[in-house]
Amino acid sequence: MLNPEKHKSPDKKSGDFPYWLVALGAIAVALAYVIATNQLYSQIANAVSKGVYITVFVTLVGFFLATMLGLIFALMGLSKSLVLRQIARFYVEVIRGIPMLVLLFYIAFVGAPALAWLIDTITRPLQEAGVMGEFRTRDISLMWRAILALMIGYSAFIAEVFRAGILSVDEGQVEAAEALGLSPWQRFRLVVFPQAIRTILPPLGNDFVAMVKDSSLVSVLGVADLTQMGKIYASGSFRFFETYSIVAYIYLVLTIGLSLGLRQIEKKLRKAQER
């Protein structure tokens, strides 16, 4: 018979020194030194780093919108209304079944024109009154089309994260809050969500890190993010190895830094829960 104590994950052992992190830190410092002292690498880093702002902006805005939309569909999926539950399930299953790159193209070249037509139709009275001009597809920039695609794509996964987290709360807690006369909104805000967030945060953080990486897909639309700037520099200089090494290095700094930060937040939440 297996002894569970002997088969615990190495990460669970107390005093497990993070040698992998030391190794990554040493590599990061060495690469930073090379970039700072080598003229070629410095030039490449300056060129591609111009896209970091767009990468961060697309990720933050896209994730915020995806979280809000995901929460809405999660609540719809838990609603007492059969119609709302079926709509939420239909949305989640369809969106999760479409590859992100395909969704990006679809939103950019099909969804954006449809949205522009809808906005133009709604604002037609304002246009006739001379308050605003005609709204066209080109008024929706490629960057915002990419943000909309990431928002829709990730909202389906985030909806499942919220749904699982809310369902993890003991039903007795909800019944007790209901017995105290709290409204549905008060029960959710004061009882359910504070407990559910402990379950929600780890997978939600993983989705955030994943979106940092998937934000590189916006380069196929010509959005000047980190990947696109690297592509432009490499195609003009033929320095593919050096360019994409620096691009990968910057992405690793972003993702690993976020992962470590989220891990610390998880530890604090776990300690607070144990208390």
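Q: Is Glu93 buried, partly exposed or exposed?
A: This is a predicted model, in which local features need pLDDT of at least 70, side-chain atom pairs count only at pLDDT 80 or more, and totals for chains, interfaces and linings use all residues. Residues are numbered from 1 along each chain as its sequence is written, and side-chain values use heavy atoms, with hydrogens and water left out. Buried means under 20% relative accessible area, exposed over 50%, and partly exposed in between (1.4 Å probe, protein chains only). Glu93 has a relative accessibility of 40%, so this residue counts as partly exposed.

Q: Which residue meets Glu93 in a salt bridge at 3.3 Å, N to O?
A: A salt bridge is a side-chain nitrogen of Lys or Arg within 4 Å of a carboxyl oxygen of Asp or Glu. The partner lies three residues from Glu93 in helix α4 (residues 82–96), which means a separation of about one helical turn; helices are DSSP runs (H or I, at least four residues), numbered from the N terminus. The partner is partly exposed, at 34% relative accessibility. The residue is Arg96.

Q: Is Asp120 buried or exposed?
A: Asp120 forms a salt bridge with Arg124 at 2.7 Å, N to O. Arg124 is partly exposed, at 36% relative accessibility. Asp120 has a relative accessibility of 8%, so the residue counts as buried.

Q: How many Å apart are the closest N and O atoms of Arg239 and Glu242?
A: Arg239 is partly exposed, with a relative accessible area of 37%, whereas Glu242 is buried at 14%. The two residues form a salt bridge, and the separation of these atoms is 3.4 Å.

Methods: Helix = DSSP H or I, 4+ residues; strand = E, 2+ residues; numbered from the N terminus.
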